Amino acid sequence: MIEHSLSLCYRNKLILAPMVRVGTLPMRLLALDYGADIVYCEELIDLKMLQCKRVVNEVLSTVDFVAPDDRVVFRTCEREQSRVVFQMGTSDAERALAVARLVENDVAGIDVNMGCPKEYSTKGGMGAALLSDPDKIEKILSTLVKGTRRPVTCKIRILPSLEDTLSLVKRIERTGIAAVTVHGRKREERPQHPVSCEAIKAIAEALSIPVIANGGSHDHIQKYLDIEDFRQATAASSVMVARAAMWNPSIFLKEGLRPLEEVMQKYIQYAIQYENHYTNTKYCLCQMLREQLESPQGRLLHAAQSSQEICEAFGLGAFYEEVTRELNARRAELLARTPEAAAEPAEDTSGVIKMAVKFDRRAYSPQITPKMCLLEWCRKEKLAQPVYDTVQRPLDRLFCSVVTVAEQKYQSTLWDKSKKLAEQAAAIVCLRSRGLPEGRLGEESPSWHKRKREAIDQDPEGSRNQEHAVPGELCKKLFVALGSGEESPLGGC
């Protein structure tokens, strides 16, 4: 636990910007490895955080903030505790303070997003929407400064006039915050618009608190030495890097950029060690690959449907197996110490048909799952639809599901990482015990084929489009949007 309320210094620092879907634990740790001094998490909305429960994850040695649907909203670990800043989206001072108090023992600082211009941030009066309400800005920041033991900062954009911008930042300074980050673009501007170093410089010269310069990735920062050039051009105390760090986090390394293959492998290793969800891992890797999305490596990444497949695409299959064994051994050890945590889903399991099975997406047709097959069979037989009863084991947060079909219960004895996977495994047990097709490759039932043929007959053009779809196309859309000036799902606004 951090003991001093202002232990984090914001002068002469290299900082990883808050970026939606990018600033999760693996990326933050990687940035620290490469020389970042401070790392920001992605913007997290106050209402969502207030629904979370703080959970100590003994298997991963992390602290998790878990939503009611069991999704990990924020995960951190001791390694970054003295250097991670929690950024929140908020429009209410009391909610902001409640979130700050929820996380303050596990982070080094609290930041309020007051600059992101995108709808997911501005709706509800958050992000850049706050720039038009200085009274609310003052109330939120003052409440946080008085009510939390961590240094408070905010991240803004410049206003249409420099005079109004300077008036706002001076008012912000008077709240007692530790630093202010300035993205040198107006609310309506995007990365292709030039960043205003002059505006940031004027702010830095007008304030006594540290000013952190942001927004230089597009025009200024391509390598490590460019970061210092951007700092000098803006007269800022520190520099926050977003896109350049997303593309290659080794931008913070004095010795220069490391090869992308090496960087991606290190990122994947952190993602596996901390059980990052594969869709988030895949997204971040797509940002790193950029123009290489159509390379053989990019095509393998695009096709990957699990963390294991991502590892195999990058030659880390053995690493995945080793880490999985280690984590499972740790779970078994913890369960042995607290046997009550290994309880079965129900007190009375007599009459439950059990098998030791898992759902491996690679073994099934792309658009068919065991749950779909089971539901289809129940409809055909005019039975009530399957009912799934899923529980989570408190110690390791793994899931087990029991499915009831025609008053018979079925369960896999193997616990899974997600509720969805556990339910698929239960469906497999039911289908196999009844000798029914489960959607495995080469094992589709005639009804599925019939539905596919009907869909093609009804929409032949859509079918042709599907057949000619290029792997990686979905990932490419992001970069097309960036080039055309459309909004992307990235933070670091």
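In what kind of crossing, right-handed or left-handed, does H5 pass H6? The views below take that up along with other spots in this predicted model.

**View 1. The whole protein, for orientation.** Before zooming in, here is the overall picture. The protein has 493 residues, and 53% of them count as buried. Its secondary structure comes to 19 helices and 16 strands. Take the contacts between residues at least 6 apart in sequence: 70% of those join residues at least 24 apart.

**View 2. Helices H5 and H6, side by side.** Back to the opening puzzle: H5 passes H6 in a right-handed crossing. Helix H5 covers residues 134–147, and its axis comes within 9 Å of the axis of H6, with a crossing angle of roughly 25 degrees. That angle is under 35 degrees, so H5 counts as roughly parallel to H6. On the H5 side, look for Pro134, Asp135, Ile137, Glu138 and Leu141; on the H6 side, for Leu168, Arg171 and Ile172. Sort these contact residues by type and you get 5 nonpolar, no polar and 3 charged.

**View 3. Helix H6 again, now with H7.** H6 runs over residues 162–173 and H7 over residues 197–206. Their axes come within 10 Å and cross at roughly 40 degrees, which means that H6 and H7 are oblique to each other. This crossing is right-handed. From H6, the residues that reach the contact are Leu162, Thr165, Leu166, Val169 and Lys170, and they meet Ala199, Ala202, Ile203 and Ala206 of H7. The residues of this contact split into 7 nonpolar, 1 polar and 1 charged.

**View 4. The largest nonpolar core, and another one apart from it.** Nonpolar side chains in soluble globular proteins tend to be buried together. Here, the largest nonpolar core takes in 121 residues, and Met49, Phe86 and Phe252 have the most contacts inside it. Which helix gives the most to this core? That's H10, residues 260–273, with 7 residues. Zoom in on Met49 and, leaving out residues up to four places away in sequence, you'll find it touching Leu44, Phe65, Val73, Phe74, Phe86, Val99, Leu102 and Val103. Apart from the largest core lies another core, this one of 20 residues, including Ile368, Cys378, Val429 and Leu436.

**View 5. Helix H10 meets helix H14.** H14 spans residues 317–337, and its axis comes within 10 Å of the axis of H10. The two axes cross at roughly 25 degrees, so H10 and H14 count as roughly parallel to each other. Their crossing is right-handed. Gln269, Ile272 and Gln273 stand on the H10 side of the contact, while H14 brings Phe319, Tyr320, Val323 and Leu327. By type, the residues in this contact come to 5 nonpolar, 2 polar and no charged.

**View 6. Arg290, a loop residue with a positive phi.** Most residues other than glycine have a negative phi. Arg290 isn't a glycine, yet its phi is positive, at about 50 degrees. Find it in the loop between helix H11 (278–289) and helix H12 (296–303). Is Arg290 buried or partly exposed? Its relative accessible area is 30%, so Arg290 is partly exposed.

**View 7. Glu407, between two strands.** This is another residue other than glycine with a positive phi, and the value for Glu407 is near 65 degrees. Glu407 sits in the loop between strand E15 (399–405) and strand E16 (408–412). With a relative accessible area of 80%, Glu407 is exposed.

**View 8. Gln408 and its contacts.** Gln408 has its place in strand E16. At 23% relative accessibility, Gln408 counts as partly exposed. Which residues is Gln408 in contact with, leaving aside its neighbours within four places in sequence? They are Gly351, Val352, Ile353 and Val403. Pick out Ile353 in this view: Gln408 and Ile353 are 55 residues apart in sequence, while their C-alpha atoms are 8.0 Å apart in space.

Key. Residues are numbered from 1 along each chain as its sequence is written. Side-chain values use heavy atoms; hydrogens and water are left out. Axes are lines fitted to C-alpha atoms, for helices over the stretch in contact, and angles run from 0 to 180 degrees between N-to-C directions. Helices (H or I, at least four residues) and strands (E, at least two) are DSSP runs, numbered from the N terminus. Angles under 35 degrees count as roughly parallel, over 145 as roughly antiparallel, 65 to 115 as roughly perpendicular and the rest as oblique. A crossing is left-handed if the near helix is turned anticlockwise from the far one by less than a right angle, and right-handed if clockwise. Contact means heavy atoms within 4.5 Å. Ala, Val, Leu, Ile, Met, Phe, Trp, Tyr, Cys and Pro count as nonpolar, Asp, Glu, Lys and Arg as charged, and the others, Gly among them, as polar. A nonpolar core is a set of buried Ala, Val, Leu, Ile, Met, Phe, Trp, Tyr and Cys residues joined through side-chain atoms within 4.5 Å. Buried means under 20% relative accessible area, exposed over 50%, partly exposed in between (1.4 Å probe, protein chains only).
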